[in-house]
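The following report considers how the strands and helices of one protein model are arranged around each other. Please look at the sequence and the structure first.

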Amino acid sequence: MTVETIDATKLEAFMGRAVTDLAAAESSAATYLGDRLGLYRAMASGRQMTAGELAALTGTHERLVLEWLRNQAAGGYIEHEDGRFTLPPEHAAALADEESPYFLGGFFEIIAAVWADTELLEGAFRGDGALAWGAHDPRLYRGVERFYGATYRSSLVQAWLPALDGVTERLEAGATVADIGCGYGLATTLMAAEFPRSTFVGYDSHGASIEAARDRAHQAGVTDRVRYEELDAVDLPARGFDLACFFDALHDMGDPIGAAAAARRALAEDGVLMVVEPRAGDRLEDNVGPIGRAYYAGSTLLCTPGALAQGGQHVLGAQAGPAALTEVLRAAGFSRVRVAAETPFNLILEARA
């Protein structure tokens, strides 16, 4: 390659994109700190404040806070006027309010964990590709809970379960539910709080997550109807569940067909499987854009290495799409599969025998 062979216009356009990404990547560390230090939460009222006022509110160093505010203003996250700074309410919904369906703070915590794991990931790339879920920086697990929690709290009970034929009515009457790959048990706890007549069992192979899930259930006051077991998905017992769920977990499994088949055996004859997965089309071209780009990054750094660490018989990746997911579910013994609902971030599939 020589200078003469380079398209200067194309190079300039790419450099603009790359420098924008560099600025965003470095600034994501500042955003993570803003979340961790409570800077966004302190500004959530929407009132103008100086760096000194924000530092006093949060017990932080004024000069560093000033530079942080300047970074945030330069990126359009915070507004600035005559030395005073404001967090607009629309931005506060994404940066300061953990109950908001738009909250992104957990994603920045995931990014922090991924950066901490780069040496482990380099080893995976140079080796067999495997990096077990439990080997990651602990911030990953809390970040996943916080990020997905924003959507689950606003959509699971309100939209996703009602999209499944007859499932809400069964839960209200009293059903048995399995949450497979439950992580910290966020979805299990949400369902248990909404449907007190039903009983729930969460399964996960990561012992630390099971312990955290038990703590969450205790805090939510639902231990009378929720329990958790450390168990691999393919070893799920046949207990006649009315509903079994994979919440953003099926694509992380080394044997998704085996896991789905185990769920099929665990269900009652008329039981329903709900599969929540990252939203994706069936082709790479369908997934070009910021959401697809983010999910492919997560798939490269988290999901695919985790599946390979489990033996990787059929590695889906985080952008599998409806066709690949349907193929897996049919191979597992489900004859009726449909996309029941979707959001900008999720696909919700319903599968029945």
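## Sheet and packed helices

Strand β3 (residues 176-180) and strand β6 (residues 241-247) run parallel and are joined by four bridges, where strands count as paired if DSSP finds at least two bridges between them. Within this pairing, I180 stands opposite F246 in β6. This is a predicted model, in which local features need pLDDT of at least 70 and side-chain atom pairs count only at pLDDT 80 or more, while totals for chains, interfaces and linings use all residues. Residues are numbered from 1 along each chain as its sequence is written, and side-chain values use heavy atoms, with hydrogens and water left out. Helices (H or I, at least four residues) and strands (E, at least two) are DSSP runs, numbered from the N terminus.

The wider sheet is open and has seven strands in the order β5-β4-β3-β6-β7-β9-β8, with mixed pairing. Its edge strands are β5 (226-230) and β8 (336-342), each of which pairs on one side only. From one strand to the next the twist averages 20 degrees.

Towards the β8 edge, β9 has antiparallel partners: six bridges join β7 to β9, and β8 and β9 also pair in the antiparallel sense over six bridges. P278 stands opposite N346 in β9, and R336 stands opposite R352 in β9. The connection from β8 to β9 is a hairpin through three residues. Seven of the seven residues of β9 are buried, buried meaning under 20% relative accessible area, with a 1.4 Å probe and protein chains only. In a regular strand the side chains alternate between the two faces of the sheet. In β9 both faces are covered, with N346, I348, E350 and R352 buried on one side and L347, L349 and A351 buried on the other.

Helix α8 (residues 139-160) packs with helix α6 (residues 105-116), and α8 also lies across β6, β7 (267-278), β8 and β9 (346-352), running at about 140 degrees to β7. Two packed helices are described by the angle between their axes and the distance between the axes. Axes here are lines fitted to C-alpha atoms, for helices over the stretch in contact, and angles run from 0 to 180 degrees between N-to-C directions. The table sets out the two helix pairs that involve α8.

| Helix pair | Angle between axes | Axis distance |
|---|---|---|
| α6 and α8 | about 160 degrees | 7 Å |
| α8 and α10 (residues 186-194) | roughly 30 degrees | within 10 Å |

The helices α6 and α8 are therefore roughly antiparallel to each other, a term for angles over 145 degrees, whereas angles under 35 degrees count as roughly parallel. The crossing of α6 and α8 is left-handed, meaning that the near helix is turned anticlockwise from the far one by less than a right angle, and a right-handed crossing is the clockwise case. On the α6 side the contact (heavy atoms within 4.5 Å) includes F107, I110 and A113, and on the α8 side L140, V144 and F147 are among the residues involved. The residues of this contact divide into eight nonpolar, three polar and four charged; Ala, Val, Leu, Ile, Met, Phe, Trp, Tyr, Cys and Pro count as nonpolar, Asp, Glu, Lys and Arg as charged, and the others, Gly among them, as polar.

With its angle of roughly 30 degrees to α10, α8 is roughly parallel to that helix. The crossing by which α8 passes α10 is right-handed. E145, Y148, G149, Y152, R153, L156 and V157 in α8 meet L186, A187, L190, M191 and E194 in α10, and these residues divide into eight nonpolar, one polar and three charged.

Two of these α8 residues, Y148 and Y152, also appear among the contacts of D248, a residue in the loop between β6 and α12. D248 is buried, with a relative accessible area of 8%. Not counting residues up to four places away in sequence, D248 also touches V276, E277, P278 and N346.

Helix α12 (residues 256-266) is largely enclosed by the rest of the structure, because eight of its eleven residues are buried. Its buried residues, including P256, G258 and A266, pack against β3, β6, β7 and α14 (321-331). A266 has a relative accessible area of 1% and, leaving aside its neighbours within four places in sequence, is in contact with L236, P237, A238, R239, G240 and F241.

Technical notes
Angles under 35 degrees count as roughly parallel, over 145 as roughly antiparallel, 65 to 115 as roughly perpendicular and the rest as oblique. Buried means under 20% relative accessible area, exposed over 50%, partly exposed in between (1.4 Å probe, protein chains only).
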